Amino acid sequence: MNNYNLTYAIIKTAVENGVRYIQDNPKRGVRNLLDLGEYFAEGRFQKDFFELAHEILTNEESCYYNIIENMVKNTNHETITDYGINIGYNSLTYGANIIREHEKKYGRSVPWVIVLDFETTYNVQLLKNAISKLIEDSKKIGIYSYMILLNKNIAMLDEAIEVIGEKKDCAFMIFINPKIIDDDIAKRLGNLTNLCINILVETSNDIISEFVVNKALLLKNNKCLYGAYMYYDETNFWNITNIAAKNT
């Protein structure tokens, strides 16, 4: 077993135990996982993150405890583990080291995440094999995180689901319109443990529609890791801030 596989196995075992412990004892469990992350942290950025997290969670009434407890109760534990490790270790630790080496050797900047924009539907689509090759080539220079913008492009959603299922060591975020979510799609997305789903929220009179809430419940019922996103500019920034405050 090489160093990567050994380290990954150790981290995965520790995180799995930590997630189970959070379900029984949320506050202590979260702090224990922070201690674990701090132990494996490399570099100033990661150390600063864990120091800040510790500082925030010294407040016993912090809303983050409720957020984490709800996530652990309502999300597939395998998804929390796989997605978390793929972001925290594969992308921001193991992959980041490869990126730094590549940048030093060639003198070129390398992003830690690639964005694939399929929101507009074209007559000719990028096929699964091409996306898969792009990801494999990108992993060679340390890129393990990918954002896929889909909106209502259901044809590319099918392609994306296949690719995500194959690239189990990568972390994916998809951004989709709730109108294309149904029972079957929610179930398929729930089977992917390296995925975070973000659904578009459109509001009326600063109220999130019942339609969007029901689509979110479909994802919740399938134990998906999910969130929401909105488009904003200077005309609606404060409205979005108010919506967030109302729904916290």
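**View 1. What covers the buried residues of helix α6.** In this predicted model, the cover over the buried residues of α6 includes three strands and a helix: β1 (113–117), β2 (145–151), β3 (171–176) and α7 (154–166). Try finding each of these elements in turn.

**View 2. The two sides of α6.** Which residues of α6 are buried? They are Lys 128, Ile 131, Ser 132, Ile 135, Ser 138 and Lys 139. These residues lie on the same side of α6, because they cover an arc of only 130° around the axis. A helix rule helps here: an α-helix has 3.6 residues a turn, so residues three or four places apart point the same way. Now look across to the other side of α6, where Asn 129 and Lys 133 are exposed.

**View 3. The length of α6, end to end.** Helix α6 runs through residues 128–139, twelve residues in all. At 1.5 Å a residue, α6 should span 16 Å. The C-alpha atoms at its two ends are 17 Å apart, which agrees with that expectation.

**View 4. Cysteines without a disulfide partner.** A disulfide is a covalent bond between the sulfur atoms of two cysteines. With a cut-off of 2.5 Å between the sulfur atoms, the count of disulfides here is zero. Cys 63 is in no disulfide, and the nearest cysteine sulfur, on Cys 196, is 18 Å away. Is Cys 196 buried or exposed? Cys 196 is buried, with a relative accessible area of 11%, whereas Cys 63 is partly exposed at 39% relative accessibility. Cys 196 is in no disulfide either: the nearest cysteine sulfur to its own is that of Cys 224, 9.8 Å away.

Technical notes:
Residues are numbered from 1 along each chain as its sequence is written. This is a predicted model: local features need pLDDT of at least 70, side-chain atom pairs count only at pLDDT 80 or more; totals for chains, interfaces and linings use all residues. Side-chain values use heavy atoms; hydrogens and water are left out. Buried means under 20% relative accessible area, exposed over 50%, partly exposed in between (1.4 Å probe, protein chains only). Helices (H or I, at least four residues) and strands (E, at least two) are DSSP runs, numbered from the N terminus. The expected span of a helix is 1.5 Å times one less than its number of residues. The arc is that of the directions from the helix axis to the C-beta atoms. Contact means heavy atoms within 4.5 Å.
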